[in-house]
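The exercises that follow ask you to work from the coordinates of a single model, step by step. Please keep the sequence and the structure at hand while you read each solution.

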Amino acid sequence: MSKKSDTDAFAMPSFDASKVSDQFRDFAEKGLEQSKDAYAKMKTATEDAQKTVEETFKSVQTAGADVSLKAIAALRANTEAGLNHLEALVGVKSVADFVELQTSFFRKQAELVTAQAKELQDISTKAAEKAAADQQAQQQPQQNQVDQQAQNAANVAQNQALAAQQKLAAEQSE
């Protein structure tokens, strides 16, 4: 009538824990190697970013020194003009001369201060634009490199996980 089979339909396939342990160890070692590589690359990228910040600070410092020198030159010119005006006031003989001298001085000072302010504004604007452009130019290649490294690491990890799953599935089906 019916023949009994020697195999049990509900039996679990044989499972060798040592193979899984070896696979897990291999997977962990590869992951550790990749983590070390990723760390080294990120460390390099961080050092490059630090250099960028230092170079930007140097650029800003230089621009700040230029602005300071222009401001000092403006103060010196204004002080000299003021002292010259005081000397001229000492020699005034009438009220009319005083009013004319004073009016002329104020007009010249207003023109001078306006020109100085415009010059300082131009220098400051150029310095800020240069610092921003320098920083952006230095950061873009670094950002591209970091993005590429992250993508590569994700691809490698995904490929390793798929390979480990396939290997485990192949061994379980044996």
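**Exercise 1. Determine which residues lie nearest the centre of the largest pocket, and which elements give two or more residues to its lining.**

Solution. The model is a predicted one, and confidence limits therefore apply to its local features, which need pLDDT of at least 70. Begin with the lining of the largest pocket, which consists of 12 residues, with Q23, F24, F27, A164 and K167 lying nearest the centre. Next, assign the lining to secondary structure: the elements that give two or more residues are α1, which spans 17–90, and α2, which spans 95–173. Then sort the lining by class, which yields six nonpolar, three polar and three charged residues. Finally, the volume of this largest pocket comes to about 260 Å³.

**Exercise 2. List the residues that line the second largest pocket, and state which element gives the most to that lining.**

Solution. The lining of the second largest pocket is made up of Q34, D37, A38, K41, M42, V146, Q149, A150, N152, A153 and V156. The elements that give two or more residues to the lining of this pocket are α1 and α2, and of these α2 gives the most, with six residues. Divided by class, the lining of the second largest pocket holds six nonpolar, three polar and two charged residues. The space in the second largest pocket amounts to about 200 Å³.

**Exercise 3. Describe the protein as a whole: how many helices and strands does it have, and what share of its residues is buried?**

Solution. Counting the secondary structure first, one finds two helices and zero strands. Turning to burial, one finds that buried residues account for 10% of the 174 residues. The accessible surface comes to about 13800 Å², and 59% of it belongs to carbon and sulfur atoms. As a last step, consider contacts between residues at least 6 apart in sequence, of which 84% join residues at least 24 apart.

**Exercise 4. Find how many aromatic pairs there are, and decide whether the pair of F105 and F106 is stacked, edge-to-face or tilted.**

Solution. The count of aromatic pairs comes to one. The ring centres of F105 and F106 are 5.9 Å apart and their planes stand at 50°, so the pair is tilted. The reasoning rests on two cut-offs, because planes under 30 degrees apart would count as stacked and planes over 60 as edge-to-face. To complete the description, F105 is buried, since its relative accessible area is 17%, and the limit for burial is under 20%.

**Exercise 5. Is Q109 buried or exposed, and which residues does Q109 touch beyond four places away in sequence?**

Solution. Locate Q109 in helix α2, and then take its relative accessible area, which is 15%, so that Q109 is buried. Leaving out residues up to four places away in sequence, one finds that Q109 touches N78 and A81. A further reference point is G82, which is 27 residues from Q109 along the chain, with the two C-alpha atoms separated by 8.9 Å.

**Exercise 6. Work out the C-alpha separations of A157 from K30 and from Q34.**

Solution. First place the residues: K30 belongs to helix α1, whereas A157 lies in helix α2. K30 and A157 are 127 residues apart along the chain, and their C-alpha atoms are separated by 9.1 Å. A157 and Q34 are 123 residues apart along the chain, with a C-alpha separation of 8.4 Å. As for accessibility, K30 is partly exposed, with a relative accessible area of 45%, and A157, at 36%, also counts as partly exposed.

Methods:
Residues are numbered from 1 along each chain as its sequence is written. This is a predicted model: local features need pLDDT of at least 70, side-chain atom pairs count only at pLDDT 80 or more; totals for chains, interfaces and linings use all residues. Side-chain values use heavy atoms; hydrogens and water are left out. On a 1 Å grid over the protein atoms alone, a cavity is a set of points where a 1.4 Å probe fits but cannot get out, and a pocket is an open set with protein on both sides within 12 Å along at least five of seven lines; lining residues have an atom within 4 Å of a point. Grid points are joined across faces, edges and corners, and a volume is the space filled by probe spheres set on the points. Helices (H or I, at least four residues) and strands (E, at least two) are DSSP runs, numbered from the N terminus. Ala, Val, Leu, Ile, Met, Phe, Trp, Tyr, Cys and Pro count as nonpolar, Asp, Glu, Lys and Arg as charged, and the others, Gly among them, as polar. Buried means under 20% relative accessible area, exposed over 50%, partly exposed in between (1.4 Å probe, protein chains only). Contact means heavy atoms within 4.5 Å. Accessible areas come from the Shrake-Rupley method with a 1.4 Å probe; for residues, only the protein chains shown count as cover. Rings of Phe, Tyr and Trp (its six-membered ring) pair if their centres lie within 6.5 Å; planes under 30 degrees apart count as stacked, over 60 as edge-to-face and the rest as tilted.
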